[in-house]
Structure formats: C-alpha cells, structure tokens
Amino acid sequence: MADNVTVLDHPLIQHKLTLMRRKDTASADFRRLLREIAGLMTYEVTRDLPLSYERIETPLAEMDAPVIEGKKLVAVSILRAGNGLLEGILDLVPNARVGHIGLYRDPETLEAIEYYFKVPEDLHDRDVIVVDPMLATGHSAAAALDRIKARNPRSIRFMCLLAAPEGIQHLTERHPDVRIITAAIDDHLNDHGYIVPGLGDAGDRLYGTK
Ligand code: URA
C-alpha cells in the first residue's frame, strides 16, 4: 500500500461498515452509520493536529492546558454524498468551518465537472479535511484538491469510507502530498465506475433516491 494511505481498521468502524454494505440496510440506518463512522474516523484524522498551550484556571489551580493550535478546522464536503460524512465530523468538531464542492461525473468520460464551489474565504493557514465516502476513479477528489490547494491551506487531508485501488493510484499521482484516510480498500472499479464489492451509490443510499 502507498505510504500516503491510512486504513482505519478499528473493529467498530469495520462492523458498522459491514452493516452499511448490506443491500437491505435502510436509508435511515445507512445515514446514521455513516455519521457514526465519520465521528470515529475524525478521531484518527485529527490525531496529528498541532497543540499549543494556554493558561487557564481550574477550580483548584492555574495550569497550562492544551488546545488545538491555530485557526478553526475546515471540513469540505464533495456533494452530495460527502454531506453524510460531514455530519459526523461536526459532531466532534462543532466549530469547524464548512465548505461544499459540487462535482458530477461525466457518464461517458467519468471526468469530474464542477457545478458548485463555496468554501470559507480564508483557507490560508487552516487545516482542511476534504470528504467523500467513495474514492472511485479519483477524478472528483483530485479536482476538489486542485481547487482547495489554490487557496493555500496549512494542511489538507482526504477522508473517505471506501477506496478503489484505481482511485488511490490516481489521487496519489495527482496529489502525492495528501494523506488519504479510508475505512477499507476494495477490489476494483466496474465499467460504470462503481466500487466492487462496495456498497452501491452512496448518495442514493443516503437519501433514498433510488
Ligand atoms: N460513487 C458511489 O456512490 N459509489 C461507487 O461505488 C462509486 C462512486
């Protein structure tokens, strides 16, 4: 495995992921499970954020206590399925700033085409987590990272639920400096760009649109 990829193999994440993969899992359960997994993943994704110390008073004494250093974290969701992961991040980091990037896949070429882009203006010096549950071809993720990098963040990470080897390869070639954090790496992409065995269309399963 490329050394820019981290697979979070925690049993709670793996168990919940299996429930999500089952084709009979209802949308409400799928949404709740994705949010829970996102919270668990956020715990690891933020592990290396730098700390600084500030002087506080407890009821008993003064102390230098750790706080996350610098400006507020930014979570950027690739629409629409990214929103399923976003909720779980915000559960743990409620003060995070939020951005949205709308990209759809051209059905013929599978290339990413942007239709929406709204992120906090001052990404400079902020840590950014870009989220999309499915890293399939990697085209959308790479296009999203191009746009975010142009704003000079302090750091940038990509968090997904499932990754295809093809997506990891494409994203690593385009953005070798970006850490990819995923719960699993599946076998392959099919001819329609779906991850196999995967879990189907994450957006449709989240929102019950099919
Ligand atoms: N997007 C999805 O929702 N599912 C896949 O398998 C691939 C891309």
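This is a short dialogue on reading the pockets and the ligand site in a predicted model.

Visitor: How is empty space found, and what volume does the largest pocket have?

Guide: Rolling a probe the size of a water molecule over the atoms shows where empty space is left. Here, the largest pocket holds about 570 Å³ of space.

Visitor: Which residues lie nearest the centre of the largest pocket?

Guide: Ala81, Arg105, Asp132, Met134 and Asp201 do, out of 25 lining residues. By class, that lining has 12 nonpolar, eight polar and five charged residues. Several elements each supply at least two lining residues: β4 (74-79), β5 (97-105), β8 (134-135), α4 (139-149) and α6 (202-207).

Visitor: Where does the ligand sit?

Guide: In the largest pocket. Around the ligand are Arg105, Met134, Ala136, Gly193, Tyr194, Ile195, Gly200, Asp201 and Ala202. This shell has five nonpolar, two polar and two charged residues.

Visitor: Which polar backbone atoms should I look at beside the ligand?

Guide: Start with Ile195: a backbone N or O atom lies 2.8 Å from a ligand oxygen. At Gly200, a polar backbone atom is 2.8 Å from a ligand nitrogen. At Ala202, a polar backbone atom is 2.7 Å from a ligand oxygen.

Visitor: How much of the ligand does the protein bury?

Guide: Taken alone, the ligand exposes 240 Å². The protein buries 89% of that area.

Visitor: What lines the second largest pocket?

Guide: Its lining has 13 residues, with Ile68, Lys71, Lys72, Leu73 and Val93 nearest the centre. By class, six are nonpolar, three polar and four charged. The volume of the second largest pocket is about 210 Å³.

Note on methods: Residues are numbered from 1 along each chain as its sequence is written. This is a predicted model: local features need pLDDT of at least 70, side-chain atom pairs count only at pLDDT 80 or more; totals for chains, interfaces and linings use all residues. Side-chain values use heavy atoms; hydrogens and water are left out. A residue is near a molecule or strand if one of its heavy atoms lies within 4 Å of it. A polar contact is a pair of N or O atoms within 3.5 Å; within protein, one must be able to donate a hydrogen and the other to accept it, and residues adjacent in sequence count only if both atoms are side-chain atoms. Accessible areas come from the Shrake-Rupley method with a 1.4 Å probe; for residues, only the protein chains shown count as cover. On a 1 Å grid over the protein atoms alone, a cavity is a set of points where a 1.4 Å probe fits but cannot get out, and a pocket is an open set with protein on both sides within 12 Å along at least five of seven lines; lining residues have an atom within 4 Å of a point. A molecule sits in a cavity or pocket if more than half of its atoms lie within 2 Å of its grid points. Ala, Val, Leu, Ile, Met, Phe, Trp, Tyr, Cys and Pro count as nonpolar, Asp, Glu, Lys and Arg as charged, and the others, Gly among them, as polar. Grid points are joined across faces, edges and corners, and a volume is the space filled by probe spheres set on the points. Helices (H or I, at least four residues) and strands (E, at least two) are DSSP runs, numbered from the N terminus.
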